[in-house]
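I opened this model to look up how its helices, sheet and charged pairs fit together. My notes follow in the order I took them.

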Amino acid sequence: MDLAGFEVNMHKYSLTHLQELESEAIYIIREVVAQFDRPAILFSGGKDSIVVTHLAKKAFWPAKIPMPLIHIDTGHNFPETMEFRDKLVESLGVQLIVGSVQEAIDKGRAVEESGINASRNELQIVTLLDAIEKHKIDAAIGGARRDEEKARSKERFFSHRDEFGQWDPKNQRPELWNIFNGRKRMGEHFRVFPISNWTEMDIWNYILQENIEIPSLYFAHNRNAVYRDGTWLPASEFLSLRDGEFVENKLMRFRTLGDITITGGIESDADTLEKIVAEVSATRSTERGNRSDDKRSDTSMEDRKKQGYF
């Protein structure tokens, strides 16, 4: 055939940065379902776990997400987070597994901390491990990212946990060419982090691009709070005031969500996704800098992860 005079149009195929991250995460989520018998998604109600759930929805559309969501209820959650969780679960039509820290305390499985800085954060460890064992979960998908914290930067996509649910950062499997080894012995399980390579900025740009619904806590709102250790802790029935502290009403929002007792807010007027993206792009402070649980020691996150934390 004479091709003289014909123009051959070569269409270039390329992905944007966010499309590459999305493709990688969806591939990892599908690998989990292919390799494991009883996977689940760890759902905190924060933006990262919401994005992971959204990615799982896209990975198996038009079918439903083929795994339950696990939420560890400390009893000290923001009411807005719980309301959002229930609404999302209903809309997705997925199973919700709830592990109760209060129940673990009542059974003597966990001991309530005392003192003015008492927190239930570490008590989530035994509650999560109990839920994993009870429901025979062999792969728990989480929303941790390497840019969040130095201990999380050591994680692989597939993070092996021994029969006690513990993590050894020196004993991890190679993941060359994104080939994942999910082999395990009886009693062991994996934590899987499909958005490990994402940054906080990537998360917000993706939420904006996909128009993903998030809790109102992330947007600027007026809230009573107490200024402590360089951050605004929300006033609640669980917060005891120190000498000289007082409650103020502030226009603020939260960059990361955890228990109401440990999650500090920032003064902000960012009440839209566009404003949040602009604010995050200009900030020089770390995302978890307002989390009091991370300030207990330089190795607090790694210590908790070794014991079985998210």
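**Entry 1: two helices that meet**

I began with α1 and helix α6 (residues 200–210), which pack at an angle of about 95 degrees with their axes 11 Å apart. That angle makes α1 roughly perpendicular to α6, because 65 to 115 degrees counts as roughly perpendicular. I keep in mind that this is a predicted model.

Next I listed who touches whom. From α1, the residues are H17, L18, L21 and E22. They meet D202, N205, Y206, Q209 and E210 in α6. I sorted this contact by class and got 3 nonpolar, 3 polar and 3 charged residues. The spacing on a helix is worth a reminder: an α-helix has 3.6 residues a turn, so residues three or four places apart point the same way.

**Entry 2: the charged link at α6**

I then asked which residue E210 meets in a salt bridge. The partner is K58, at 3.2 Å from N to O. K58 lies in helix α2 (residues 47–60) and E210 in helix α6, so the pair ties together parts that are 152 residues apart in sequence.

I checked how covered the two ends are. K58 has 34% relative accessibility and counts as partly exposed. E210 is also partly exposed, with a relative accessible area of 24%. The link does not stop at two residues: E22, K58 and E210 form a network of salt bridges. E22 is one of the α1 residues that meet α6.

**Entry 3: the sheet**

I traced the sheet next. It is open, has 6 strands, and runs in the order β3-β2-β1-β4-β6-β5 with mixed pairing. Which strands sit at the edges? They are β3 (96–100) and β5 (158–161), each pairing on one side only. From one strand to the next, the twist averages 30 degrees.

I looked closely at β6, since both kinds of pairing turn up there. β4 (residues 139–141) pairs with β6 (residues 189–192) in the parallel sense over 3 bridges. β5 pairs with β6 in the antiparallel sense over 4 bridges.

I noted the partners residue by residue. F190 in β6 stands opposite A139. F190 also stands opposite H160. V192 in β6 is the bridge partner of I141.

Then I asked which way the β6 side chains point. H189 and R191 go one way, F190 and V192 the other, and all are buried. That fits the usual pattern: in a regular strand the side chains alternate between the two faces of the sheet.

**Entry 4: helices on the sheet**

I went back to α1 (residues 17–35) and followed it over the strands. It lies across β1 (39–42), β4, β5 and β6. Its direction runs at about 40 degrees to β5. Helix α5 (residues 124–134) packs on the sheet too, touching β1, β2 (69–73), β3 and β6. The direction of α5 makes about 120 degrees with that of β6.

Is α5 enclosed or open? I counted 8 of its 11 residues as buried, so α5 is largely enclosed by the rest of the structure. The buried residues are Q124, I125, V126, T127, L128, L129, A131 and I132. Just after α5, I marked K136, which takes a positive phi of about 55 degrees.

**Entry 5: other salt bridges**

I searched the whole structure and found 16 salt bridges. I wrote down two besides the K58 pair.

In one of them, the side chains of R120 and E112 meet at 2.8 Å, N to O. R120 is buried, with a relative accessible area of 6%. E112 is partly exposed at 35%.

In another, R228 pairs with E245, and the closest N and O atoms are 2.7 Å apart. R228 lies in strand β7 (residues 221–228) and E245 in the loop between β8 (231–234) and β9 (248–253), so the pair ties together parts that are 17 residues apart in sequence. R228 counts as buried at 5% relative accessibility. E245 is buried as well, with a relative accessible area of 17%. The cut-off I used for buried is under 20%.

Terms used: Residues are numbered from 1 along each chain as its sequence is written. This is a predicted model: local features need pLDDT of at least 70, side-chain atom pairs count only at pLDDT 80 or more; totals for chains, interfaces and linings use all residues. Side-chain values use heavy atoms; hydrogens and water are left out. Two strands pair if DSSP finds at least two bridges between them. Helices (H or I, at least four residues) and strands (E, at least two) are DSSP runs, numbered from the N terminus. Axes are lines fitted to C-alpha atoms, for helices over the stretch in contact, and angles run from 0 to 180 degrees between N-to-C directions. Contact means heavy atoms within 4.5 Å. Buried means under 20% relative accessible area, exposed over 50%, partly exposed in between (1.4 Å probe, protein chains only). Angles under 35 degrees count as roughly parallel, over 145 as roughly antiparallel, 65 to 115 as roughly perpendicular and the rest as oblique. Ala, Val, Leu, Ile, Met, Phe, Trp, Tyr, Cys and Pro count as nonpolar, Asp, Glu, Lys and Arg as charged, and the others, Gly among them, as polar. A salt bridge is a side-chain nitrogen of Lys or Arg within 4 Å of a carboxyl oxygen of Asp or Glu.
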